[in-house]
Amino acid sequence: MLTPEQYLGAMAERIQRAGGRLNTVQIGPATAVVGLFTESVLLSTMNYCVVAAAVPEVSAAALYDFTGRATQHARANLVGTMGWTAASVVIAGLVGGRVYPDAAQAASAKSGNQFGGETRMVAVDLSAGQLYAFVGGKFWGAAVQGSVNAKMTYCFPQPAEVYQQVQWQQAQQQQQAQHPMPPPAPQVPPPPYVGPAGPQPPVYPPPGHPPQQGPYGY
């Protein structure tokens, strides 16, 4: 089974790959992975705040509380003027070993329309391999709604997809451990440098011959 840490790690990778600003923030009792995105859709600035934290079990009360705190954090990091030139979309999710039915129902319910914003809730059940979230909606335009859905489904992948990725990474690590890279070949030193010929040693006359005198007599 996937661990919450493995799932949040996969989310962090995706946030960075999509160009988001990745942070770790304390939201309530949990340490949350936060991804902030700013995009231009039509004539407004879309501020996405993707927030996820791991808990042992996900209940509706915990999900509502976490989403409310995540929304406050997102509003504090808004780019633009809320409702006029900017929209704020908060996608808040809790990842746990078990998701209670009330939490699954709350996450799957249609999100309420807010002035200049929208909040989506996500509940990820790792033991059952299920992800609960609302996908759709009529109150946003089609372009904006498609952008929200794409951001949510990309940043909150299906548990089975993350599990396959983790399995593949572990297989790669095992393969590298079993077949380590051969050590690099030893470097052969270059041949010694042969420079121009220096002064030659003096040539002495053979024995029995008087030494040759220089012009100054020595």
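This report covers the fold, the nonpolar cores, one buried acid and the salt bridges of a predicted protein model.

## Overall fold

The protein chain has five helices and nine strands. Read from the N terminus, the order is α-β-β-β-β-α-β-β-α-β-β-β-α-α. A helix therefore opens the run, and two helices close it.

The chain holds 218 residues, and 38% of them are buried. Its exposed surface comes to about 13,300 Å². Carbon and sulfur atoms supply 58% of that area. Sequence-distant pairs feature strongly in the contacts: among those with a separation of 6 or more, 67% join residues 24 or more positions apart.

## Nonpolar cores

The largest nonpolar core contains 27 residues. Those with the most contacts inside this core are Tyr7, Met11, Val50, Ile91, Val122, Val124 and Phe156. Helices and strands both contribute. The elements giving two or more residues are α1 (4–17), β2 (30–41), β3 (44–54), β5 (86–96), β8, α4 (142–155) and α5 (159–178). Helix α1 provides the largest share, six residues.

Tyr7 shows what such a position touches. Beyond its neighbours within four places in sequence, Tyr7 is in contact with Leu2, Val95, Val124, Leu126, Leu131, Phe156, Pro157, Pro159 and Val162. Two of these partners, Val124 and Phe156, are themselves listed with the most contacts inside the core. Another core lies apart from this one. That core has 25 residues, including Val25, Cys49, Ala53 and Leu63.

## A buried acid: Asp125

Asp125 sits in strand β8, which spans residues 117–125. Which side chain of opposite charge is nearest to buried Asp125? The answer is Arg98, at 6.5 Å. A salt bridge needs the nitrogen and oxygen within 4 Å, so this pair does not qualify. Asp125 has no salt bridge at all.

Polar partners are present instead. A polar atom of the Asp125 side chain lies 3.2 Å from the backbone nitrogen of Val99. The side chain of Asp125 also makes a polar contact of 2.9 Å with the side chain of Ser127. Leaving out neighbours within four places, the contacts of Asp125 are Gly96, Gly97, Arg98, Val99, Gln130, Tyr132 and Pro159.

## Val99, a partner of Asp125

Val99 belongs to the short run β6, residues 98–99. Its relative accessible area is 9%, so Val99 counts as buried. Outside four places in sequence, Val99 touches Val58, Ala104, Ala123, Val124, Asp125 and Tyr132. Tyr132 is thus in contact with both Val99 and Asp125.

Val99 also lies 9.1 Å from Pro56, C-alpha to C-alpha. The two are 43 residues apart in sequence.

## Salt bridges

Side chains of opposite charge can pair when their charged atoms come close. The model has five salt bridges. Three of them are described here.

Glu161 and Arg14 meet with N and O 2.4 Å apart. Glu161 lies in helix α5 and Arg14 in helix α1, so the bridge ties together parts 147 residues apart in sequence. The two ends differ in burial. Glu161 is partly exposed, at 40% relative accessible area, whereas Arg14 is buried, at 9%.

Lys151 and Glu39 form another bridge, at 2.5 Å from N to O. This pair links helix α4 to strand β2, so parts 112 residues apart in sequence are tied together. Here the positive residue is again the buried one: Lys151 has a relative accessible area of 10%. Glu39 is partly exposed, with 27%.

What separates Asp65 and Arg69 along helix α2? About one helical turn, because they are four residues apart in that helix, residues 60–76. Their closest N and O atoms are 3.0 Å apart, and the two form a salt bridge. Both ends are partly exposed: Asp65 has a relative accessible area of 37%, and Arg69 has 38%.

Terms used
Residues numbered from 1 in each chain as written. Predicted model: local features only at pLDDT ≥ 70, side-chain atom pairs only at ≥ 80, totals over all residues. Heavy atoms only, no water. Buried < 20%, exposed > 50% of the residue type's maximum accessible area, 1.4 Å probe, protein only. Contact = heavy atoms within 4.5 Å. Areas by Shrake-Rupley, 256 points an atom, 1.4 Å probe, with all protein chains shown as cover. Lys, Arg positive; Asp, Glu negative; His and termini not counted. Polar contact = N/O pair within 3.5 Å; in protein donor to acceptor, adjacent residues only side chain to side chain. Core = buried A, V, L, I, M, F, W, Y, C linked by side-chain atoms within 4.5 Å.
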